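Q: Hey, could you walk me through this one? I'm new to it.

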Amino acid sequence: MKILFVCLGNICRSPMAEFVLKKMVREAGLDYEIASAATSDEEHGNPVYPPARQVMARHGIDCSGKFARQLTRADYEKYNLLIGMDRSNLRNMQRICGGDPEGKMSLLMDYTDRPGDVADPWYTGDFGIAWRDVNDGCRGLLQYLTEKGT
Ligand code: 4NP
């Protein structure tokens, strides 16, 4: 299974989802390929935003070595699932990839009982709420995938 998380800058929400799911998958003894990317090129090459890095560090997750990169059309071929953090991400993902003919795109919160957008810490300033959403989304996603037997 190959999963790509996508947000606007690839410095807050999608790296959080990448590293949270990597930890859950490792703990479950599974072997998935997991990465993250941006719809914009604004933050290209930048490391994870310090408050996002701190919230992950508090939960024992090290995200050093991650640098922002933009989504490409080739990612659509490579990954089985491309998962956006909010509805605006999803529109931009479709624009960049030329639609979603294989039905690979979804939103992270679709895998929870609270569908909609991950709370955007860039605007709310609250990385704890974003952490909670990302954590719930990744847990639901992993449950969905293991129930499907993938
Ligand atoms: P992210 O957060 O999409 O969760 O990585 C943002 C990062 C940068 C900007 C907005 C959101 N920005 O406007 O530069």
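**Starting at Ser 40**

A: Sure. One polar contact to begin with: a polar atom of the Ser 40 side chain lies 3.1 Å from the backbone nitrogen of Glu 42. Keep in mind that this is a predicted model.

Q: OK, where is Ser 40 placed?
A: You'll find Ser 40 in the loop between β2 and α2, the latter being residues 50-58.

Q: And is Ser 40 buried or exposed?
A: Ser 40 counts as buried, because its relative accessibility is 18% and the cut-off for buried is under 20%.

Q: What does Ser 40 touch, leaving out residues up to four places away in sequence?
A: Leu 8 and Gln 70.

Q: Switching to β2 itself, how many of its residues are buried?
A: Strand β2 covers residues 33-38, and 5 of those 6 are buried, so call it mostly covered.

Q: Which strand does β2 pair with?
A: With β1, residues 2-7; the two run in the parallel sense, with 6 bridges. Across that pairing, Val 6 in β1 stands opposite Ala 37 in β2.

Q: What do β1, α1 and β2 make together?
A: A right-handed β-α-β unit, where helix α1 spans residues 13-27.

Q: What about the loop between β1 and α1, which residue is there?
A: Asn 10 is one of the residues in that loop. Asn 10 isn't a glycine, yet its phi is positive, about 60°.

Q: Hmm, what sign does phi usually have?
A: Most residues other than glycine have a negative phi.

Q: Last one: is Asn 10 buried or exposed?
A: Buried, with a relative accessible area of 0%.

How values were computed: Residues numbered from 1 in each chain as written. Predicted model: local features only at pLDDT ≥ 70, side-chain atom pairs only at ≥ 80, totals over all residues. Heavy atoms only, no water. Buried < 20%, exposed > 50% of the residue type's maximum accessible area, 1.4 Å probe, protein only. Helix = DSSP H or I, 4+ residues; strand = E, 2+ residues; numbered from the N terminus. Pairing = 2+ DSSP bridges. Right-handed = clockwise from strand over helix to strand, strands pointing away. Polar contact = N/O pair within 3.5 Å; in protein donor to acceptor, adjacent residues only side chain to side chain. Contact = heavy atoms within 4.5 Å.
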